[in-house]
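I opened this structure to practise reading a fold piece by piece. My notes are below, in the order I looked things up.

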Amino acid sequence: MTLVRPKPLIPIFGKPLITFALDHLSAVGIESFVINTHHLASHFEGLFKESSYSGRDVCLVYEPVLLETGGGIKNAQPWIGNDPFIVYSGDILTDIDIQSLIQEHFRRENEVTLGLRKTGLAAGLSLSADGRVTAIGSTPGQANYDFANVSVWNPRVFERIPPGKKISFIPILVDWLKAGGRIGGVVLNDGDWFNIGSREDYLAVHRTISERGWKPSFLKASDWPLKVSREASIARTAHLSGSFAVGAGCVVEDRAIIEDSVLWENARIKRHAILRGCVVAGSLVISGRHENLDLTEPV
């Protein structure tokens, strides 16, 4: 899927993934965004062609060579300026309470405040009772929390990241912590948090939304999620079931079967075709039977 579209732009019931992050941040008062781009950067230019989103400024910063999370922050410095800022990964979907993260950052006068969760996966951070991060990358059993990919930073971080260097912000934080930096953490276990890192994750989030009727409270669009776009055409004898999503411009012909599958925009599913557990990522004409496959346009 990500050979034909950057992961932050894959649709969730027709809505680009990154726009959930922008809506989430807008709801707590963020008025401008800086987005690092690299892979298939022109797709971002198409989505934000007016350099704005919902009336808020959007600046796209292209990285010809990936600089990772630390280098990316440093690369965006000219557009961020001298105010505190939020870093929010473009490939997560969540409704965690970022307002409490912001409030804790300023209340404790932290240099950095990390959103944390207990996921039971690769926990890598330890937190004291007073909300200070005490260790990063600790041995299993000592670290209890995972980074939730949302954080608040003071601009002093720019002094600690060398320009033009490919580097994660993890070693930056480790060194800062050793130097006595005030690195805080807020446990944000309430709400939902989806890391869309695989096709299984992608289909699972559609299933969760379908089965639970999940919708983040910050989302203003009253018509989301639509399982079938108003701009799609579905034959009366077609059969759609499970956690399916049909994008704008799609055509599903007579007696086609769509089950637990996601169709992006402008796909055409021919008569008697069967799709189960599939993603159709592009303006393709699909016939025959397909199960657990990603069907994409040639690259």
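The entries that follow cover a helix, strands, cysteines, salt bridges and a few single residues.

**Entry 1: what kind of model**

I noted at the start that this is a predicted model.

**Entry 2: helix α7**

I began with helix α7, which covers residues 199–212. Does its length agree with its residue count? I worked from 1.5 Å a residue, so the 14 residues should span 20 Å. The C-alpha atoms at its ends are 20 Å apart, which agrees.

Next I asked which residues of α7 are buried. I found Arg-199, Tyr-202, Leu-203, Val-205, His-206, Thr-208 and Ile-209. I then stepped just past the end of α7, where Gly-213 has a positive phi of about 65 degrees.

**Entry 3: an open sheet**

I looked up a sheet of 4 strands and wrote down its order as β15-β18-β21-β24. The sheet is open, and its pairing is parallel. Which strands stand at the edges? They are β15 (239–241) and β24 (289–291). Each has a single partner strand, so one side of each has no neighbour in the sheet. From one strand to the next, the twist averages 5 degrees.

I reminded myself that strands of a sheet pair through backbone hydrogen bonds, either parallel or antiparallel. I then followed one pair in detail. β21, residues 274–276, is joined to β24 by 3 bridges in the parallel sense. Across that pair, Leu-275 is opposite His-290 of β24.

**Entry 4: strands β8 and β12**

I moved to strand β12, residues 183–187. I counted 4 of its 5 residues as buried, so the strand is largely enclosed by the rest of the structure. Its pairing with β8 (residues 112–117) is parallel and has 5 bridges. One bridge partner I wrote down is Gly-184 in β12, which goes with Thr-113.

**Entry 5: cysteines**

How many disulfides does the structure hold? I found 0. A disulfide is a covalent bond between the sulfur atoms of two cysteines. I took Cys-278 as a case to check. The closest cysteine sulfur to its own belongs to Cys-250 and is 14 Å away, which is too far for a bond. I also noted that Cys-278 counts as buried because its relative accessibility is 0%.

**Entry 6: salt bridges**

Side chains of opposite charge can pair when their charged atoms come close. I got a count of 14 salt bridges, and I looked at several of them.

The first I took joins Asp-91 and Lys-7, with N to O at 3.2 Å. This pair links distant parts of the chain, 84 residues apart. Asp-91 is in the loop between β6 (85–88) and β7 (92–94), and Lys-7 is in the segment before β1 (11–12). Lys-7 is partly exposed, at 26% relative accessible area.

I then returned to Arg-199, which forms a salt bridge with Asp-294; their closest N and O atoms are 2.8 Å apart. Asp-294 is in strand β25 (residues 294–296) and Arg-199 is in helix α7, so the pair ties together parts 95 residues apart in sequence. Is each partner buried or exposed? Asp-294 counts as partly exposed at 30% relative accessibility, whereas Arg-199 counts as buried at 18%.

I also looked at Glu-253 and Arg-268, whose closest N and O atoms are 2.8 Å apart in a salt bridge. Glu-253 is in the loop between β17 (251–252) and β18 (257–259), and Arg-268 is in strand β20 (residues 268–269), 15 residues apart. Glu-253 counts as buried at 16% relative accessibility, and Arg-268 counts as partly exposed at 35%.

Last in this entry, I noted a network of salt bridges that links Glu-104, Arg-107 and Arg-108.

**Entry 7: two single residues**

I looked up Thr-19, which is in helix α1 (residues 17–27). Thr-19 counts as buried, at 4% relative accessibility. What does Thr-19 contact, leaving aside its neighbours within four places in sequence? I found Leu-47 and Tyr-53.

I finished with Glu-68 in helix α3 (residues 68–75). Glu-68 counts as partly exposed, at 42% relative accessibility. Its C-alpha is 5.3 Å from that of Ser-168, though the two residues are 100 residues apart in sequence. Not counting residues up to four places away, Glu-68 touches Glu-63, Lys-166, Ile-167 and Ser-168.

Conventions
Residues are numbered from 1 along each chain as its sequence is written. This is a predicted model: local features need pLDDT of at least 70, side-chain atom pairs count only at pLDDT 80 or more; totals for chains, interfaces and linings use all residues. Side-chain values use heavy atoms; hydrogens and water are left out. Helices (H or I, at least four residues) and strands (E, at least two) are DSSP runs, numbered from the N terminus. The expected span of a helix is 1.5 Å times one less than its number of residues. Buried means under 20% relative accessible area, exposed over 50%, partly exposed in between (1.4 Å probe, protein chains only). Two strands pair if DSSP finds at least two bridges between them. Axes are lines fitted to C-alpha atoms, for helices over the stretch in contact, and angles run from 0 to 180 degrees between N-to-C directions. Contact means heavy atoms within 4.5 Å. A disulfide is a pair of cysteine sulfur atoms within 2.5 Å. A salt bridge is a side-chain nitrogen of Lys or Arg within 4 Å of a carboxyl oxygen of Asp or Glu.
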